[in-house]
Each structure stands twice: as C-alpha cells, then as structure tokens.
Amino acid sequence: METIEPAALPGWLAALDRNLELWISCLPHTVFCVDAAGQPLGFAMWLPDGDAATLVSIQVLASHRRQGLGRLLLKAFEERVSPGAVNLGVHKSNPARMLYEAAGYDAAGRDGDYLLFGKTLG
C-alpha cells in the first residue's frame, strides 16, 4: 500500500477493521501462487455474487513481479468463476491496470481515483 498507493494509506489504515473483515470473508475464494518450496509468492481473492464476481485483490511479492504471476492468478480467478461477469477496480496509478486491459477487461467507469473494469466470461 505504501508503495503503490501512498496517498491512500491513511484511508486504508482508518478502515483496517472493515478491510480485515472483507479479506476474511474472501478466504474461501482465494488462490495462492507458491514456489517449489511452498513459499507464497502471491494471491488473488474475490467475492462471488450470483452469476458475477468481484476481484478484490491480486498481490504478487515485489521481488517476483513482471514474471507473469499476476496473469496466472488472474487466469486462475477467471477459471473458478466462469461463466459469468467479473468486475474490479484499480487505482489509476497502479500499473496492474495494463494487466487487466491486456486480459480483455473493458473500462466500465470511475469511482474517484479508481478505474473500474468488467468482463463477461464464456
């Protein structure tokens, strides 16, 4: 948070309890990427909502970024929720937005400093 969205850190800290509750509720809908030794390298978590799902977060350790792990996690998310609609929001300064655009997500609007994306899965 401090690296990607430093200006948003005070807001995240103020809402820490609410965010923790959200992340706990996402645990049944979380996939992990681990190395050969079983060490976690990243995760993707989402909330299902009927025939749709909202991607809550994809995180990859900084030391393992730009190696395709985010793409693999996004694919794993899509495979688990397909078919249906998926949506997500990403801070306008977060380079992960390029990952979503390359994966076929369409711009669906804005929410403050966040860009909203959506995709219909076959």
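This dialogue works through the sheet, the helices packed on it, the largest pocket and a few single residues of one predicted model.

Reader: What should I keep in mind about the numbering and the model before I begin?

Author: Residues are numbered from 1 along each chain as its sequence is written, and side-chain values use heavy atoms, with hydrogens and water left out. This is a predicted model, in which local features need pLDDT of at least 70 and side-chain atom pairs count only at pLDDT 80 or more, while totals for chains, interfaces and linings use all residues.

Reader: How do I read the sheet, and what is the order of its strands?

Author: Strands of a sheet pair through backbone hydrogen bonds, either parallel or antiparallel. Strands (E, at least two residues) and helices (H or I, at least four) are DSSP runs numbered from the N terminus, and two strands pair if DSSP finds at least two bridges between them. Here six strands make an open sheet with mixed pairing, in the order S1-S2-S3-S4-S6-S5. Its edge strands, each pairing on one side only, are S1 (30–34) and S5 (106–111). From one strand to the next the twist averages 25°, where axes are lines fitted to C-alpha atoms, for helices over the stretch in contact, and angles run from 0 to 180 degrees between N-to-C directions.

Reader: Which strands run parallel and which antiparallel, and which residues stand opposite each other?

Author: S1 and S2 run antiparallel and are joined by five bridges, with Val31 opposite Ala44 in S2. S2 and S3 are also antiparallel, over eight bridges; the partner of Met45 in S3 is Ser57, and that of Phe43 is Gln59. S3 and S4, by contrast, run parallel and are joined by three bridges, with Ala52 opposite Ala85 in S4. Eight bridges join S4 to the antiparallel strand S6 (residues 114–121), where Lys119 stands opposite Val86.

Reader: Which helices pack on this sheet, and at what angles?

Author: Contact here means heavy atoms within 4.5 Å. Helix H2 (residues 16–26) packs on the sheet, touching S1, S2 (40–49) and S3, and its direction makes about 90° with that of S2. H3 packs on the sheet as well, touching S1, S2, S3, S4 and S6, and its direction makes about 155° with that of S3.

Reader: What surrounds Val56, and is it buried, partly exposed or exposed?

Author: Val56 lies in S3 (residues 52–60) and counts as partly exposed because its relative accessible area is 27%, given that buried means under 20%, exposed over 50% and partly exposed in between (1.4 Å probe, protein chains only). Not counting residues up to four places away in sequence, Val56 touches Leu22, Trp23, Cys26, Met45, Trp46 and Leu47. The C-alpha atoms of Val56 and Cys26, 30 residues apart along the chain, are separated by 8.2 Å.

Reader: Where does the backbone take less common values?

Author: Most residues other than glycine have a negative phi, and most peptide bonds are trans. Arg66, in the loop between S3 and H3, has a positive phi near 65°; with a relative accessible area of 82%, Arg66 is exposed. A cis peptide bond with omega of about -5° joins Ser82 and Pro83, and Pro83 is placed in the loop between H3 (69–81) and S4 (84–91). Two glycines of the hairpins also have positive phi: Gly38, near 85°, in the hairpin of S1 and S2 with five residues between the strands, and Gly50, about 65°, in the turn of the S2 and S3 hairpin with two residues between them.

Reader: How is the largest pocket described, and what lines it?

Author: Rolling a probe the size of a water molecule over the atoms shows where empty space is left. On a 1 Å grid over the protein atoms alone, a pocket is an open set of points where a 1.4 Å probe fits, with protein on both sides within 12 Å along at least five of seven lines, and lining residues have an atom within 4 Å of a point. The largest pocket holds about 1500 Å³ of space, a volume being the space filled by probe spheres set on the points, which are joined across faces, edges and corners. Its lining has 46 residues, of which Ile58, Gln59, Asn94, Ala96 and Tyr100 lie nearest the centre. S3 gives the largest share of that lining, seven residues.
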